[in-house]
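Let's take a friendly walk through a protein model together. Have the sequence and the 3D view ready, and pause whenever you want to find a residue for yourself.

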Amino acid sequence: MIVYKCHRCGFILLKSKEVLQPKEVLGKLGLKRCPRCLAPLSETPKQIKLTPRPSYRRRKKPFIIRLFK
Ligand SMILES: [Zn+2]
């Protein structure tokens, strides 16, 4: 699971099982700004957090990609 979040407020823009380019995410959503805080979103990720799931745990930790201007 990959989670795309607003860089400013952390609003979850999209959850996806596939890896998408930020451009594709914004295209899918038809957004250029965060719907919650109106921060401008760009096609370049600001922060990519990759959290592999430990095999001994059931809980899935998502990958987090934050979009920014
Ligand atoms: Zn936001």
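The paragraphs below go from the overall layout to individual residues.

Before we start, keep in mind that this is a predicted model. The protein chain contains one helix and four strands. If you follow the sequence from beginning to end, these elements come in the order β-β-α-β-β. The protein chain has 69 residues, and 17% of them count as buried. Now think about which parts of the chain meet in space. Among contacts in the protein chain with a separation of 6 or more, 47% are between residues 24 or more positions apart. We will meet several such distant partners on the way.

Let's begin with the two strands at the start of the pattern. Strand β1 covers residues 2-6 and strand β2 covers residues 12-16; the two run antiparallel and are joined by four bridges. To see one pairing for yourself, find K5, whose bridge partner in β2 is I12. Five residues lie between the strands of this hairpin, and G10 has a positive phi near 80 degrees there.

The loop between β1 and β2 is also where you will find R8. Is R8 buried, partly exposed or exposed? R8 has 18 other C-beta atoms within 10 Å, so it is partly exposed, since a residue needs 20 or more to be buried and 12 or fewer to be exposed. Setting aside residues within four places in sequence, R8 is in contact with C34, C37 and A39. Take C34 as an example: R8 and C34 are 26 residues apart along the chain, yet their C-alpha atoms are separated by 8.7 Å.

Next comes the helix, α1, which spans residues 22-29. Three residues of α1, namely P22, V25 and L26, are buried. Why do they belong to the same side of α1? They cover an arc of only 95 degrees around the axis, and therefore sit on the same side of the helix. Turn to the other side of α1 and you will see K23 and G27, which are exposed. Just after α1, G30 has a positive phi of about 65 degrees.

Now follow the chain into the loop between α1 and β3, where β3 is residues 44-49. Three residues are worth a stop here. C37 lies in this loop and is exposed, because 12 other C-beta atoms are within 10 Å of its own. Leaving out residues up to four places away in sequence, C37 touches C6, R8, C9 and F11. One of these partners, C9, is 28 residues from C37 in sequence, but the C-alpha atoms of C37 and C9 are 6.7 Å apart in space.

The second stop is L38, in the same loop between α1 and β3. L38 is a residue other than glycine with a positive phi, near 65 degrees. With 12 other C-beta atoms within 10 Å, L38 is exposed too. The third stop is P40, also found in the loop between α1 and β3. P40 counts as exposed because it has 12 C-beta neighbours inside 10 Å. From P40 to C6 the sequence separation is 34 residues, while the C-alpha to C-alpha distance is 8.9 Å.

Strand β4 takes up residues 63-68, and I64 is found in it. I64 has 18 C-beta neighbours inside 10 Å, so it counts as partly exposed. Look from I64 to I2: they are 62 residues apart in sequence and 5.9 Å apart in space, C-alpha to C-alpha.

Finally, let's look inside. Which residues make up the largest nonpolar core? There are nine: Y4, C6, L13, V25, L26, C34, L41, I65 and L67. The elements that each give two or more residues to this core are β1, α1 and β4. In soluble globular proteins, nonpolar side chains tend to be buried together. You have already met V25 and L26 among the buried residues of α1, and here they are again as members of the core.

Notes: Residues are numbered from 1 along each chain as its sequence is written. This is a predicted model: local features need pLDDT of at least 70, side-chain atom pairs count only at pLDDT 80 or more; totals for chains, interfaces and linings use all residues. Two strands pair if DSSP finds at least two bridges between them. A nonpolar core is a set of buried Ala, Val, Leu, Ile, Met, Phe, Trp, Tyr and Cys residues joined through C-beta atoms within 7 Å. Two residues are in contact if their C-beta atoms, placed from the backbone, lie within 7 Å. The arc is that of the directions from the helix axis to the C-beta atoms.
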